[in-house]
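Trainee: I am new to this structure and would like a close look at a single part of it, the open sheet in one of the chains. Could you take me through that part slowly, and then place it beside some other features?

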Amino acid sequence: MTKIKGAVVIQTEQCKGCGLCVEACVSNVLTMSVNVNSRGYTYCLALNPELCIGCASCAVVCPDSCITVYRQKEESRRDEE
Amino acid sequence: MKSDVRLLKGNEAVAEAAVRSGCDGYFGYPITPQSEILETLMALRPWETSGMQVVQAESEVAAINMVYGGAAIRRRVMTSSSSPGISLMCEGVSYIAAASLPCLIVNVQRGGPGLGTIQPSQGDYFQAVKGGGHGDYHCVVLAPCSVQEMYDFVFDAFEVAFRYRVPVIMLADGMVGQMMEKVKLTPPRQRRTQDEIIAECDTWALTGRGAHRQRNIVTSLQLQASEQEAFNLQLQAKYRQIESRETRWEEYRTEDAEWLLVAFGCSARICRESVDKARREGLRVGLLRPITLWPFPSGRIGELATKVKAMMTVELNAGQMVEDVRLAVNGRVPVWFYGRMGGVIFAPDEVLDNLKKQIESK
Amino acid sequence: MREQDIICEQNKVYSKSRILTDATMHYCPGCSHGVVHKLIAETIEEMGLQQRTIGVSPVGCAVFAYNYLDIDMAEAAHGRAPAVATAIKRLAPDKVVFTYQGDGDLSAIGTGEAIHACNRGESIVMFYINNAIYGMTGGQMAPTTLCGMKTATSPDGRDPKLHGYPYKIAEMLALLDGVCYVTRQTVASVTHIRRAKRAIRCAFENALAGRGVSFVEIVATCNSGWKMSPVAANKWLVENMLPFYPLGDIKNVKEE
């Protein structure tokens, strides 16, 4: 069975904490930080990274282009091994 | 080379000069007394020969912003209008000056204020020379007094505009725009090619962000006060350079003059007659005609103030250039003024009579 | 599978467009401008048009678009971008020229320039960001402000007796023969954003083919001006703006 796994890399220093990505994430991966970045904004964090399916919705809605998304089929990875 | 001499209206001469000077684009809106410029260009169909584009805009506001766009990609672009239309363009001229863009704006002046009249006037001296739009900027202002100069100054204007990246105003009037004279036309010059444009101004013009350079931005916006002031200082330094190099004027019988007339454009032609008439009567009168109204020939007028007994500035307005003449003279001799308004033109005798009256009451 | 095993170049499915600069956008958190800039940048990148594209952004929040898009750009006076773009396109017909204008700019002060560039059929793209408010000057009423909507200059809500009615300039421009494509999109959700991107691509293709004006309206949020959180603003947009400004193609000559 093919399982799709994803991962997000967030430029937290670029994030302005608008929260649109958290709203857009269908897998409940993201949340907002309690701390602030050097510019005083809270930023988004991958609270449950293992749930990410790499759909890129968070990155698509991000006005500041802070999120890079990766996706891999687990099966294909096994083939490589 | 055999020259091409034709009988043309001043406005037609501007259109001929535009095409023959390698102009890339003209953008204008009809207004009397200069509509022949757009009409002639449309009849000449330069887009079929030199490739020059001609667009009838929906307003003077659109026309000047088209000029801004064309200048931003470093094309030779121009517009023309008459007084009320130029008022509408003033915002755009300020942006063009602030974005350091070259262009030519022809103002065939008519009487104002308001809708005024369609007859000749020189009432836009302040507007052209002192700004018109907002902020600290200058346009180089050329004042033609003949149909030949209407032709020649288009070439001169583009030269200066591109040398300093400034807007140049040709401040004509309804008289030189509408009258017909013999004009010597020069052979057409080629428009610059895209490669020449890139070679010449890839550092600032919008020629397309390639792999070889960073993006170019044409803007007049500096939100930081210190950056804006630094830009203002740069602009002022450029203006000082223009003042030292580009001031032009013409003198007529000033060598031994006791009385000096100062007049520009069509007024200067009339004053030339007044000078000759005065000389025939034994009165030693001379004429100084500023060709550039900005930069103004203050230095030369200051020198002449040490030689003549008085000056009289003659203008088709309520007295505008006279202020600059007085600043140049700085109180050394009396500076009188004679003018007519509303499209009424003085005759040579009328000017001379007024000079004599001033001399008598001195 | 560990996260660090997934994060490698070959698995990358979404990253910042190369046509966006590294500058941090000055827009408020959650502002629609960032998303629209991104879509334009992605389209330019995907179509390989960086060298051919020239943008014009007049007064408004997005006047600084030139700080974020890595292409040659000109700022323009308030409302005058279509005139500026007209000259650029006429004098450099090989270029892809677009304007990026707000509702105050395009449908108030610059109505004349917008209509006449459309009427002349200049082969340019006009982006119209309609967030029903003046963002940059601090939240004043725009021509597109909905009736009843509170702004700094309609503090009791827009009253048509006092302020006139909101209007749909996209539908008006669709009547003009020089216009080949008019569409209204939004960027309020992932689905909307993907559709908006297809519309932007269609507009750029029209410009390349010389078909006339492509007009892309984006119904956008101004969460600061609307005094809402970004998430609440998107929800408000869907519930209040979209019924008055319905989405979809209004005109598409290619398909007719």
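Mentor: Before the sheet itself, one term is needed: two strands are said to pair if DSSP finds at least two bridges between them. Please also keep in mind throughout that this is a predicted model.

With that term in hand, the sheet can be read strand by strand: chain B holds an open sheet of 7 strands, whose order is S3-S2-S4-S5-S7-S6-S13, and the pairing within the sheet is mixed. At the edges of this sheet stand strand S3 (53–56) and strand S13 (292–294) of chain B, and because each has a single partner strand, one side of each is left without a neighbour in the sheet. From one strand to the next, the twist averages 20°. As background, strands of a sheet pair through backbone hydrogen bonds, and they may do so either parallel or antiparallel.

One pairing in this sheet can be followed down to the residue: strand S6 (residues 140–142) of chain B runs parallel to strand S7 (residues 167–173) of chain B, and 3 bridges join the two. Among the residues involved, Val141(B) has Ile169(B), in S7(B), as its bridge partner.

Chain B also offers two places where a charged side chain meets a ring. Arg165(B) lies over the face of Trp204(B), at 4.1 Å from the ring centre, and Arg272(B) lies over the face of Tyr252(B), at 4.1 Å from the ring centre.

Rings also pair with one another, and a search of the whole structure finds 15 aromatic pairs over all chains. One of them joins Phe98(C) and Phe127(C), whose ring centres are 5.7 Å apart and whose planes stand at 75°, so the pair counts as edge-to-face. Because Phe98(C) lies in strand S4 (residues 96–102) of chain C and Phe127(C) in strand S5 (residues 125–130) of chain C, this pair ties together parts that are 29 residues apart in sequence. Both Phe98(C) and Phe127(C) are buried, and ring pairs link these two residues with Tyr100(C) and Phe204(C) into a cluster.

For chain A, a brief outline will do: this chain has 3 helices and 4 strands, and from the N terminus on its elements run β-α-β-β-α-β-α. Chain A has 81 residues, of which 48% count as buried, and the accessible surface of chain A comes to about 4100 Å², with 49% of that surface belonging to carbon and sulfur atoms.

Key
Residues are numbered from 1 along each chain as its sequence is written. Chains are lettered from A and ligands numbered from 1 in the order in which they are written. This is a predicted model: local features need pLDDT of at least 70, side-chain atom pairs count only at pLDDT 80 or more; totals for chains, interfaces and linings use all residues. Side-chain values use heavy atoms; hydrogens and water are left out. Rings of Phe, Tyr and Trp (its six-membered ring) pair if their centres lie within 6.5 Å; planes under 30 degrees apart count as stacked, over 60 as edge-to-face and the rest as tilted. Buried means under 20% relative accessible area, exposed over 50%, partly exposed in between (1.4 Å probe, protein chains only). A charge sits over a ring if NZ of Lys or CZ of Arg is within 6 Å of the ring centre and within 35 degrees of the ring normal. Accessible areas come from the Shrake-Rupley method with a 1.4 Å probe; for residues, only the protein chains shown count as cover. Axes are lines fitted to C-alpha atoms, for helices over the stretch in contact, and angles run from 0 to 180 degrees between N-to-C directions.
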